[in-house]
Amino acid sequence: MELNALTAIGPIDGRYRSQLETLALYFSEYGLIKYRVRVEVEYFLYLAEKKIIKLPSSVKPAKLKNIYLDFSEADANIIKQTERITNHDVKAVEYFLKEKLSALGAGELTEWVHFGLTSQDINNTAVPLLWKEALEEAYLPLLLNMHLHLYQLAQEWKGIPMLARTHGQPASPTTLGKEWMVFVERIEGQIDQLLNIPFAAKFGGATGNFNAHKIAFPDVDWVKFGNDFLEKKLGLERMQYTTQIEHYDSLAAQFDALKRINTILIDLCRDAWQYISMEYFKQKVKTGEIGSSAMPHKVNPIDFENAEGNLGIANALFEHLSAKLPISRLQRDLTDSTVLRNIGIPLSHSFLALKSLEKGLGKLLLNQQKMEEDLDRNWVVVAEAIQTILRRENYPQPYEALKDLTRGKTSITKDDIHSFIDSLIINTKIKKELKAITPHNYTGVDFDF
């Protein structure tokens with residue numbers, strides 16, 4: 001069968017392909033080849049900039065940059081055809097660029113392509129570069145938009161009282177807006193941590209010592225050259241002491257940071273699902289959409305469920321990637337190669353989850369009446385407030401008195417609470433203060449957000 005969205009083995013390139021076109025620019029085979037070409041071209045140009053080689057006057061840097069700026073699927077196919085002969089992906093890129101240089105009239109400079117490098121000097125710069133740009137240009141904007149949406153909902157629902165539940169049981173009331181701000185704060189904290197992890201790369205020859213560079217040009221400061229090239233031309237941080245490959249420690253830290261973000265989002269999905277189940281939210285109905293093939297009335301919280309499922313898959317893969325990649329035998333084994341090619345998969349599932357989550361949040365319709373009914377049915381939650389004020393007034397054993405009143409009872413009504421207050425031997429002013437407390441106003445401080 002010809003490969004298309006219907007015949008693809010996995011849903012990333014099948015069912016969900018239309019939602020993930022953006023990420024294909026970074027994580028597809030085409031994307032990886034293009035980034036390799038970009039690194040090779042920029043390295044060649046940097047050799048010229050540092051006057052290690054001299055470009056013919058007819059070969060302008062802009063023309064060389066166009067090799068990767070205008071890189072096409074046809075170009076990628078040429079490289080793949082060469083790879084079938086070489087059985088080496090980076091060497092195929094080198095041969096492609098040599099042909100391009102010859103076509104531009106710089107055939108005498110072809111041996112400066114990939115000069116002194118090993119394939120991992122290209123892979124371990126191309127991969128962190130495509131990873132960096134995928135996060136900055138695709139994933140983070142989606143996450144930040146979702147984060148902003150959560151904050152806007154928190155503000156909209158700021159003053160709406162809601163029965164809290166700890167251990168699944170009625171607890172001191174809260175506000176819906178504040179509960180949404182819990183997730184706003186958590187996600188914001190993890191975004192800050194993610195942004196502080198450097199995008200690290202390796203660039204130093206076959207075993208990280210610039211052996212070939214040093215033997216050819218012993219007077220050049222190759223460490224400075226490598227540091228400046230990665231930082232100034234690619235926006236990456238060069239690791240100073242490496243084997244043939246990059247450590248992957250920073251990459252692993254980013255996977256772990258993304259995993260924590262996803263874990264928070266799973267928590268959000270489950271809470272939203274529960275609130276819908278409790279009828280605190282209804283969902284907007286889309287014309288023609290079916291919730292169940294058998295039960296016509298159903299409007300299922302599928303967006304939160306889909307998001308949760310994709311986040312779980314993503315985290316399982318991030319877990320393996322962060323545990324495996326930093327481990328390599330001696331100066332290098334090949335186990336990182338095939339694993340590294342899969343870093344786009346968990347990010348794709350995370351991307352899908354964010355889209356589903358955003359869709360689900362957009363469907364929520366507040367059912368304030370249901371929330372008020374729940375508060376009215378649970379006057380027991382003001383017991384904490386009453387016993388705290390009684391403690392303030394030095395009333396003997398207030399906790400125990402409220403425990404006797406409330407614990408194990410099927411229901412406690414407003415009348416039960418007020419009768420209890422009337423029975424207390426306290427002054428009228430304190431009784432009035434206690435009777436003013438309701439499940440609707442016992443919500444704590446008014447947060448400023």
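The following paragraphs lead from the overall form of this predicted model to its salt bridges, a charged surface patch and two unusual backbone angles.

The secondary structure of the protein comprises 18 helices and six strands. Along the principal axes, the C-alpha trace extends over about 100 × 55 × 40 Å, and the radius of gyration is 31 Å, whereas a compact globule of 449 residues would have a value near 22 Å. Of those 449 residues, 49% count as buried.

Turning to the charged side chains, the structure contains 28 salt bridges. One of them joins Asp 121 and Lys 202, with an N to O distance of 2.7 Å. This pair links distant parts of the chain, since Asp 121 belongs to helix H6 (residues 119-156) while Lys 202 sits in the loop between strand S3 (200-201) and helix H8 (211-216), 81 residues apart. Both Asp 121 and Lys 202 are buried.

A salt bridge within a single helix is found between Lys 224 and Asp 228, at 2.6 Å from N to O; these residues both lie in helix H9 (residues 222-234), four residues apart, which is about one turn of the helix. The two partners differ in their surroundings, because Lys 224, at 46% relative accessibility, falls between the 20% and 50% limits and is therefore partly exposed, whereas Asp 228, at 11%, is under 20% and so counts as buried. Another salt bridge connects Asp 336 with Arg 332 at 3.1 Å, N to O, and Asp 336 counts as buried because its relative accessibility is 1%. Salt bridges with shared partners also join Glu 29, Arg 36, Lys 80, Glu 83, Asp 89 and Arg 341 into one network.

On the surface, Glu 279, Glu 372, Glu 373 and Asp 376 form a negative patch. Asp 376 is located in helix H14 (residues 368-376) and, with a relative accessibility of 44%, counts as partly exposed. Glu 279 is placed in the loop between H10 and strand S5 (281-283), and its relative accessibility of 41% makes Glu 279 partly exposed as well.

Glu 279 also leads to the backbone, for this residue has a positive phi of about 70° although it is not a glycine. Tyr 248, likewise not a glycine, has a positive phi of about 70°, and its position is in the loop between strand S4 (237-238) and helix H10 (249-277). Is Tyr 248 buried or exposed? With a relative accessible area of 3%, Tyr 248 is buried, whereas Glu 279 is partly exposed.

How values were computed. Residues numbered from 1 in each chain as written. Predicted model: local features only at pLDDT ≥ 70, side-chain atom pairs only at ≥ 80, totals over all residues. Heavy atoms only, no water. Patch = residues over 30% accessible without salt bridge, like charges linked within 9 Å, V, L, I, M, F, W, Y side chains within 5 Å. Areas by Shrake-Rupley, 256 points an atom, 1.4 Å probe, with all protein chains shown as cover. Salt bridge = Lys/Arg side-chain N within 4 Å of Asp/Glu carboxyl O. Lys, Arg positive; Asp, Glu negative; His and termini not counted. Charge placed at Lys NZ, Arg CZ, Asp CG, Glu CD. Helix = DSSP H or I, 4+ residues; strand = E, 2+ residues; numbered from the N terminus. Buried < 20%, exposed > 50% of the residue type's maximum accessible area, 1.4 Å probe, protein only. Rg over C-alpha atoms; globule rule 2.2 N^0.38 Å.
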